[in-house]
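Let's take a relaxed look at how the chains in this model touch one another. Keep the structure open while you read, and find each spot as it comes up.

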Amino acid sequence: MEVLFDPATLASGIKLSVPILFAALGGMFTHQANVFNIALESLMLTSAFFSVVGSCYFSSPWAGLMLGIVASLVAALVFAVLTVDFGADVIVVGIAMNLGAWGATSILLELMFGVRGFLLDPRIVSFPSVEIPVVKSVPYLGQVVSGQNVLVYLAAATAVAVHFVSYHSKMGLRIRALGQNPAAVETAGLSPRRYRYLAILLCGLLCGAAGTFLPLGGLSMFSENMSAGKGYIALAAVLFGNGVPGLVIAASLVFGYAEALAVKMQGFGLPNQLVLMSPYVLTMLFLFIGTRRRVAAG
Amino acid sequence: MQKEIRLENITKRFPGVLADDHVNMIISAGTVHAVVGENGAGKSTLMNILSGLYQPDDGRILVDGEQVRFENPRQAMRRGIGMVHQEFMLVRNLTVLDNIILGFEPSRAGMISRSVARRVLKDLMNAYKLDVPLDETVERLPVSMQQRVEIVKALYRGADVLILDEPTSVLTPQESRVLFAAIRELVSRGKTVIFISHKLGEVLEVADRISVMRDGRVVGELPASDATERTLARLMVGRDVLMNFTPPGKPQGDPVLEVKEMTVKDARGLEVVKQVSFTVHAGEVLGIAGVAGNGQSELVKAIVGLVPTCSGSIHISRRDVTKASVKHRRQAGMRYIPQDRAWVGTCRQSALWKNLLMGYEHYRKFSRFGLLRLDVVRRFASDLVARFGIKTASLYVPAGTLSGGNLQKAIVARELALGPRLLIAEDPTRGIDIGATEFVRRQVLQVAEGGGAVLLVSQDLQEVMALSNRILVMHKGQIVGERMPAETTEEELGLLMAGRATRGTHDGR
Amino acid sequence: MGDRSVGNPRTAKMRNAVLTEAAKYVVALLLGMTIGGVLISFKGEDPVFAYKVLLEGALGGRAAIAQTLRWATPAILAGLATTIGFRAGVFNLGVEGQLYMGAFVAALVGYSVALPGRAHMIAALGAGALAGAAYSLLPAVLWMRYGINEVVNTLMLNYVAYLLTEYVVRVFIMSSSGSVVPLQIVTPEIAESARLPLLFPPYQANVGLFIGVLLAILVYFFFQRTVWGYELDIVGRNPAFAAYGGVSVRRLGMLAFIASGLVGGLAGAVEILGVHHKFAAQFSINLGFDGVLIALLAKNDPLGIIPVGLFWGILRNGAYSMERMTSVSRIVIQVVQALFVLFLTVDAGVIRQMLRRRRALRGKPVQKGATTTHGSLV
């Protein structure tokens, strides 16, 4: 039982929740705009690859983040054009993009680095971990919160920012209105298309950060299909939260914590496959609870 | 800030329809100008053009003598023209405040200043004596309050000319009176109001000037003081109106539909239909009147079998169908003309013949051993098209390509095809043209004349009064009164609809 | 689609529409191949040569064609599984997982049970199909009974299926001391009696192809001529109307979901009994997801699945031969396939409209339709 509240477990849970959190916050915007977005997966994977490229070529994780975000935005733009302007089915476009991103990043990996499968390269620079001056020395809390990767703190800041954008900015209000009643937005003289685009691009931006964390959050490596369903898990967090930032954040943290716990359990002899399976099973469980709760509340 | 609007030769075509045909209209500043006409006469299209939602194919708009062109509603708003749509353009989960400021948020660096908005709105509400609860979410407000929110929204956006599209269709006569007072208040402060309606009485009550439209054209324009209901009706319909159907006498056939102490809860667990009991007999049309949202639609859904009942019972022809599926109820002879014909009553992407078959596919006539007998189905469908005069290119085109009136005819054709024992008709003539309306009403009456029972639920009080043998009034999920159409008035029904009991009590049968 | 059963009259207009449609497919494929070609040339290979190798590898000779048919078989079955769901409005993205369960159970029956002759094969096929159906039961019930989004659940179950089968094989079949490399985590070989007959021995093409084609025709017939097919079609397009008409939407939706899983499981069983002859962990990635792309290319028409599936076989088989003969990775073809689908969703009509609008903005007033709304699936 100790392991449940072990500061190391909590710390690693926070860390593991970061990519899910970023992607889920992005997915929240598309959800609010009533766009069912399973392309989160491809946006993350695209960004993961290009942030490795950026990190390698410019020897800076920040360059990696920038390039990753740009790549993810481009992919988001493709999704937006096809689904918003051409009215293509969001699920078909999502699946095709996910398969396409998987293929394209694998090929580019081969073309640019001459390797297949995965890339371990000393040139890949991850984001550093940082200690927080005062918090560091607080017992327990310091062990959990301090000494995390820079991106972890960036994620926390982003979560707060997303809440503000969603509830206190013009854009946030308009995106939420759009998802619930496009006609209300249109008769207010606003372009639904524009805000649908904005929501998808915001999602691209945040999935860019999510993708960057995968290789540059400490691992310093890239492997084929590195996102491995994290985008789908993020989508589950989005559906659980149903457009409410606080709930989306909570769900992401729980997913990260569960993954950390499972990894810890591995140390107690739990078979590898069952450990790897747990986030997916947990996601289903969570979605079940979330939907039930919503039905009960009306 | 007074504005005069001139519409010159406005023309608008939709695929297959000439919605507005060289329409001319002058709306003087500081007046209430009513535009009347039957459904489909082109009123709403004209107003959507004036408010910038549609662009005209031809013609021009002048505001205070200056020609303007509106590419979108925002440009119209900038010239002081605002519209309150028939279907409210509100976001249900947002607060009233957020709804009002949407698109015109006072802000600093992209962040909304709600305190500024609140101050501006307080002043506005005081000035026009229109109070709305700013912090309530819209879905918690009654319909009449939502309408007021829409009006405040238009004023906040700087409307000097306020277009109200069928504003009273969701109100009781008493609530309408409150609205008229508000309109008078607005006009006294220099605003111009364009009032769209097809209810002649209220038009005469509120308007200064009246334009009458028919088939996309203005067929008359006159001061309200010179008009009578009769003259207006003749202009609107193009001939003397003979909409006085005589409902079948006073039959007391066998009970066909018996509803006993039925309670229905909505998704949130609130009782939306409370302990309702009534009986519809063979050969009878029972009308249910009420303001939208007082439980009628849930009542109908429960009788049809689309939502479960919480308690009580439903019998069709003495068979207990309280727990039965829609299919079994249909087999017991029930048919249903739903309010939402585009989404519930038809499948727009599917071929017309598939739409006409729905509900009958299991009949031995149409299928054997699970296989459709396509030749029989085709004969059945083309027979219905001919018998009910449905205008369509073929049986194979998607139902969505039919016009509103023809789509409704197709639904009526299907539901009446094999002689229903019980017909439930929900707003059967809403939004269709006068010709189709007469047709549908006649068909409904024929069901009763042929010995069937009809439950008519309509928001159109005149329709209920014209077709029913008996009228029940619903308010807040309960039946608050029963009247005979010959012995009551719209006034009295309106009071009942508003929840104010008049004489007598309801006996529940 | 779907409405030609009552003798739709063919007109010149329709012929035109068919030609335009065909042109769209050709253009989309060419665009996808062009981008693929650019990737190939970056690798320092001649794209034209690479595509030639692909075509020869897929269609040049008996062996090549047999192998193409081998790959067309799972494509047809997976595409069909997806289509059955889509037609009924069920977004079963878990065909991949159902395929794994079907494959695993078919292998289990194939090596552990002894049955005489064809009975063994049929039992193994049936068990695989049932395993797929059973695996779709959970998301189906969660969706139909509790209204929980089926897309996320089926996606999650794909991963669970990979790992669960791997776990069971490693721990219970190989004993846990076995290998940790997925492809070396295998069941014993299935018995001869459980194997599907080959079409052209010794090549891998097998009677699974006939099963797929026959099933496609059957499903087509089902949607065109049967009462349930008629009802399912309506359920898929407008569940509210179906419920109104007395169709039991939940029950039929469940049926379609489970039928979709059944065919997915069958696809896995056919792979094992026809080709691999044993179950290996993570033996095939993406056959299930290919089903989504195939369903779109076939426009959810069960008959259309057959040619699209054959085409998929050409690409898949050709890609392997391209990989052998050149330095180009076969995953290029996965990109070409994805691009093909993405380009196909681009609607030329909309582009024309947009150009017209842009032109109009400079000149005459613009027409606009009523409020636009965008569909969603949540």
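Start with one pair of side chains: A:Arg116 and C:Glu323 meet in a salt bridge, with N and O 3.7 Å apart. Keep in mind that this is a predicted model. From that pair we can work outwards to the whole contact of chain C with chain A, and then move on to chain B and chain C.

**Where chain C meets chain A**

- The pair you just met isn't alone, as the count between chain C and chain A is two salt bridges.
- Polar contacts turn up here too: five residue pairs, with both residues at pLDDT 80 or more.
- On the chain C side, six helices each chip in with at least two residues: H1 (12-42), H5 (117-146), H6 (150-173), H11 (287-297), H13 (331-345) and H14 (348-362).
- Which of these helices gives the most to the side of chain C that touches chain A? That's H6(C), with 13 residues.
- Sort the chain C residues on this side by type and you get 38 nonpolar, 14 polar and seven charged.
- Counting up the contact, 59 residues come from chain C and 54 residues from chain A.
- Together, chain C and chain A bury about 5,000 Å², and carbon and sulfur atoms give 78% of that.

**Where chain B meets chain C: size**

- This contact draws on 40 residues from chain B and 32 residues from chain C.
- The buried area between chain B and chain C comes to about 3,300 Å², with 59% of it on carbon and sulfur atoms.
- Three residues stand out on chain B: B:Lys354, B:Met358 and B:Tyr396 supply 20% of the area that chain B buries against chain C, more than any other three residues.

**Where chain B meets chain C: pairs and elements**

- How many salt bridges does the rule find across this interface? Just one.
- B:Lys354 shows up again here, forming a salt bridge with C:Asp233, and their closest N and O atoms are 3.3 Å apart.
- Polar contacts across the interface of chain B and chain C number 13 residue pairs, both residues being at pLDDT 80 or more.
- On chain B, the elements giving two or more residues to this side are helices H10 (326-331), H11 (352-357), H12 (374-387) and H13 (404-416), plus strand E20 (371-372).
- H11(B) gives the most to this side, with four residues.
- By type, the chain B residues that touch chain C split into 19 nonpolar, ten polar and eleven charged.

Methods. Residues numbered from 1 in each chain as written. Chains lettered and ligands numbered in written order. Predicted model: local features only at pLDDT ≥ 70, side-chain atom pairs only at ≥ 80, totals over all residues. Heavy atoms only, no water. Contact = heavy atoms within 4.5 Å. Buried area = accessible area lost by both parts, 1.4 Å probe. Salt bridge = Lys/Arg side-chain N within 4 Å of Asp/Glu carboxyl O. Polar contact = N/O pair within 3.5 Å; in protein donor to acceptor, adjacent residues only side chain to side chain. Nonpolar A, V, L, I, M, F, W, Y, C, P; charged D, E, K, R; others polar.
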